[in-house]
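Me: I would like to go through the charged side-chain pairs of this protein with you, one question at a time. Please reason each answer through and finish on the value or name I ask for.

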Amino acid sequence: MYQKIKGTDDLYGEQMKYWYWIEKKARELSTIYGYGEIRTPIFEETKLFVRSVGQDTDIVQKEMYTFEDKGGRSITLRPEGTAPVVRAFVENGMIAQGFPQKYFYIGPMFRYERPQSGRQRQFHQFGAEIFGSPSPMADAELIIFADRLLKEMGLIDYEIHVNSLGDTEDREKYKEALKEYYVQYLDVLCDDCKVRYERNTLRLLDCKVDAKYVENAPRITDYLGEESKKHYEELKRLLSSVGIEYVEDPRLVRGLDYYNRTVFEIHHHRLGAMSALAGGGRYDGLIKEIGGKEVPALGFAAGIERLILSLKSENVQVDEISKNIIYVTYLGNKEVRNEAIKLAELLRSEGIPVGLELMERSISAQLKHASRIGARFCVIIGEDELDRDVVVIKNMETGEQVEFEKNFVVNGIKDMIQEMQ
Ligand code: HAM
């Protein structure tokens, strides 16, 4: 028997209602906030991710699904959505459309990580990106949007963490300070941190193994230049002015290299180790970095699998996907079958979810199946009913049966459905 690849999932049945719920809320709210949808390919040139996410990040070093295609090109399954959207923005000359521009996307991402609850190798993100605005108003609006999205979905038990990574010069100064501090521990740091010390210094703050050294490490917020500081203060003021609760988290550095100034993450309290529901920030240098003009930008992405875990942990009731209300059962000659298929189509054309017997079972087996799938009413057609130009409707809850003349059956069923609701 073939098995799915480790860290991937088959999505079907009852769990689909969560996906519908999240995607519906995300699409609706995106429209309200003025985001248009963008769909980019799920694979890109490897170079795009190396350049944007960063050569020394965990994603590029360890987690990318990279392969050579039959034309000898190095291809990578997208580990995240920002770089492809920026590539599309530059390649399609979208800059000409004026600013700000706002895009959202929903789709699968791929990272070769150790699978566990809330961490998969194929996972899905809802992401949103804003191009063109250098203003802290954009940072504030983005965080408000992310917060509103979670609230609209019914979540409450989460926390927003914000930080500023400053501009390039601020960060360089801060990296030097971190190195100065960490040099005393260099011999005892874990192997990963020894590499981080040289190549990805900020990520020293993220290490679970060496967390004890973080407490006394210098804080990035003490190294921000005037402009970054002003930007960060104004963002915080705006968030407070609309009542958004947030925690300042000077250790928050994010795992992708493209960020500057604002970064944020939203953590759910009941998700354990994989608690980050969403993360994002400003990436003012990225568009230029991959060949475009200097255009400030920012965005965030939320993990859909983690949103589902959060919804379940908070017992949020999501809409059920409408099931077949009517099941059309029949037994008899060709005319009976014609009648059954015609009536099913007629009801469906009225927008009523209808199941039609496709298994050629006995009537009692058909009724049993209808009850198993939760149909509220069964239509029963046999040769006798056909001769008399009538159709029998059985209420599956009460067992009551009524007969309708054929011409009145659609209206009769509609009335019964309405009564039921
Ligand atoms: P990220 O923090 O790497 O950011 O991912 C965003 C969210 O995707 C995470 O908070 C988490 O919910 C989910 N996620 C990440 N990896 C996995 C995984 N292996 N399994 C399940 N869920 C996962 C980004 O990807 C940036 N592109 C966000 C962004 C957009 N920044 C600016 N614009």
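Me: Is Glu-172 buried, partly exposed or exposed?
Reply: In this predicted model, the relative accessibility of Glu-172 comes to 40%. Because the partly exposed class runs between 20% and 50%, Glu-172 counts as partly exposed.

Me: Which residue forms a salt bridge with Glu-172?
Reply: The partner lies with Glu-172 in helix α6 (residues 168–182), three residues apart, which is about one turn of the helix. Its relative accessibility is 24%, so this lysine also counts as partly exposed. With the closest N and O atoms 3.4 Å apart, the residue paired with Glu-172 is Lys-175.

Me: How far apart are N and O in the salt bridge of Glu-345 and Arg-348?
Reply: Both residues belong to helix α11 (residues 334–349) and are three residues apart, about one turn of the helix. Glu-345 counts as partly exposed at 45% relative accessibility, and Arg-348 counts as partly exposed at 33%. Their side chains meet in a salt bridge whose N to O distance is 2.9 Å.

Me: How many residues apart in sequence are the parts that Arg-376 and Glu-397 tie together?
Reply: Arg-376 forms a salt bridge with Glu-397, the closest N and O atoms being 3.5 Å apart. Arg-376 lies in the loop between α12 (363–372) and β14 (377–382), while Glu-397 lies in the loop between β15 (390–395) and β16 (401–405), so the parts this pair ties together are separated in sequence by 21 residues.

Me: Is Glu-397 buried or exposed?
Reply: The relative accessible area of Glu-397 is 66%. Because the cut-off for this class is over 50%, Glu-397 is exposed.

Methods
Residues are numbered from 1 along each chain as its sequence is written. This is a predicted model: local features need pLDDT of at least 70, side-chain atom pairs count only at pLDDT 80 or more; totals for chains, interfaces and linings use all residues. Side-chain values use heavy atoms; hydrogens and water are left out. A salt bridge is a side-chain nitrogen of Lys or Arg within 4 Å of a carboxyl oxygen of Asp or Glu. Helices (H or I, at least four residues) and strands (E, at least two) are DSSP runs, numbered from the N terminus. Buried means under 20% relative accessible area, exposed over 50%, partly exposed in between (1.4 Å probe, protein chains only).
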